Amino acid sequence: DGRVRVAPVNLEKLELAYRAHVADLIARYAPVLAAAEVDAVVIHSGSPGKRTEFDDQFWPLRTTPHFQHWLPLAQADCALVIAPGKKPLLAWMRSTSYWESPPEPETLHFERVLDVHRVSEVDAIKALVPSGRVAFIGEARAHAEKWGIAAERVNPPTLVGPLDRLRALKTPYEVLCLGEANRKAAAGHAAALEAFRSGGASELEIHLRFLAATGQDDPETPYKNIVAEGPHAATLHHVTYDKRPSTRSAQSLLVDAGATYLGYCSDITRTWARGEGAVASAFAHLVDGVEKMQQRLCKLIKLGLPYEELHEESHKQAAALLVDLRIVKGSVEESVKAGITRTFYPHGLGHSLGLQCHDVGCALVKPKENNPYLRNTSLITEGQTFTIEPGIYFIEGLLEKLRASEHGRLVDWSLVEELAIMGGVRIEDDVVVTGGDAVMRNLTREVLPVGGGRA
């Protein structure tokens with residue numbers, strides 16, 4: 001029903017978890033730095049990027065994720081110095097600009113854990129950089145040079161790669177942040193559903209109501225919200241919102257949108273159907289089928305299972321659904337083998353989630369040739385957080401190829417044409433692998449129990 005069912009995160013509990021998080025990072029960084037043959041690493045927070053070379057406008061800051069892994073400070077030109085055996089040192093840049101001011105941190109618990117130094121200019125940070133073999137992580141290579149860091153130690157793969165893999169396993173502090181990001185996004189999804197139910201709202205208006213309910217502006221969201229009515233849902237990343245409400249009698253709404261908390265992302269998708277008649281009814285059955293399939297896949301998560309096997313299973317279940325709804329006339333086995341499910345479900349089952357929407361550390365090997373867009377190829381391990389997001393779509397370009405192929409005879413094209421006006425379905429939850437008896441904790445269902453259906 002879209003109601004938020006979990007209270008906001010307890011800040012006292014959060015600070016205790018943060019202290020343990022920093023202690024854990026200190027312990028895990030030491031062997032990585034030793035293996036990379038560096039004595040310390042300076043992590044730059046980032047700088048706003050220029051929109052184009054032809055004007056003087058800049059994009060809002062996207063903080064370097066390695067910096068955010070240590071603390072939730074979204075401010076440009078700060079630096080974090082990590083040296084084994086020493087307290088992490090934060091060089092916190094004082095903003096002197098009268099054009100813009102940085103956002104206030106949502107919490108200052110990091111001030112009581114890190115060695116904080118306030119600085120007024122970038123050059124002053126050089127005095128805080130230790131001597132010896134020092135590496136630099138960040139995009140501002142000119143700063144590394146100013147601080148006396150050798151060019152060959154700027155973003156060295158022997159350091160960045162292992163630190164990316166380290167981020168794949170989340171601490172309890174990170175799970176708290178991810179849970180709060182889900183809670184915030186749930187309020188947005190409830191507002192979007194209410195706008196759709198009421199009727200008369202355009203995609204742009206639904207997007208704005210989502211932002212208002214979460215209390216976050218566009219630059220704060222993990223990615224540009226996908227708000228797609230009707231055939232727009234067949235564009236997987238539809239972000240060019242209609243500014244006029246739909247007038248179709250049978251309507252659908254797909255909202256793929258999240259929120260952030262202390263840098264951590266949520267990524268949630270819900271699909272709804274509205275209207276009377278055979279098309280609306282058939283599409284509602286499709287939504288219900290994808291919802292049930294998504295929940296079954298969540299229950300199949302187990303330690304040691306290759307995530308790609310779960311993705312392959314999702315295609316078997318997608319085939320079963322297509323056959324059950326008589327969209328496809330062949331058998332389940334034939335539908336998968338012929339690649340028919342890849343036409344209706346062309347993306348991967350999910351991806352790692354954390355400080356980036358498509359987080360790193362879970363795609364260490366290439367997927368199979370028929371799974372080119374799968375972003376998670378890891379063995380499922382305790383501490384991982386990832387999405388489970390199967391879908392069924394009616395994408396004209398892919399359908400044309402299937403129609404022209406030898407396997408086109410297996411599809412009920414009349415039914416496909418009727419359903420195509422509804423675009424498609426995706427249901428997506430964020431889950432954390434606990435390693436306990438339950439194995440998996442669904443952060444999304446704790447705050448947004450229903451995955452989709454009739455509005």
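**Strand β7 and the surroundings of His 69**

In β7, Val 255 stands opposite Arg 270 of strand β10. The model described here is predicted, and this pairing is a convenient place to begin a tour of it. Strand β10 covers residues 268-274, and seven bridges tie it to β7 in an antiparallel arrangement. A further antiparallel partner of β7 is strand β6 (residues 226-229), joined to β7 by four bridges. Within that pairing, Glu 229 is found opposite Leu 253 of β7.

Attention can now turn to how well β7 itself is covered. The strand spans residues 251-257, and seven of its seven residues are buried. In a regular strand, side chains point alternately to the two faces of the sheet. For β7, both faces are covered. One side carries Gln 251, Leu 253, Val 255 and Ala 257, all buried, while the buried residues Ser 252, Leu 254 and Asp 256 lie on the other. Leu 253 and Val 255, which belong to one side of β7, are thus met again here: Leu 253 stands opposite Glu 229, and Val 255 stands opposite Arg 270.

A second site worth a visit is His 69, located in the loop that links α2 (65-68) and β2 (79-82). His 69 counts as buried because its relative accessibility is 1%, with the cut-off for burial set at under 20%. Leaving aside residues up to four places away in sequence, the residues touched by His 69 are His 21, Leu 25, Leu 166, Arg 167, Glu 174, Tyr 264 and Leu 355. With Glu 174, the side chain of His 69 also forms a side-chain polar contact of 3.4 Å.

Terms used: Residues are numbered from 1 along each chain as its sequence is written. This is a predicted model: local features need pLDDT of at least 70, side-chain atom pairs count only at pLDDT 80 or more; totals for chains, interfaces and linings use all residues. Side-chain values use heavy atoms; hydrogens and water are left out. Helices (H or I, at least four residues) and strands (E, at least two) are DSSP runs, numbered from the N terminus. Buried means under 20% relative accessible area, exposed over 50%, partly exposed in between (1.4 Å probe, protein chains only). A polar contact is a pair of N or O atoms within 3.5 Å; within protein, one must be able to donate a hydrogen and the other to accept it, and residues adjacent in sequence count only if both atoms are side-chain atoms. Contact means heavy atoms within 4.5 Å. Two strands pair if DSSP finds at least two bridges between them.
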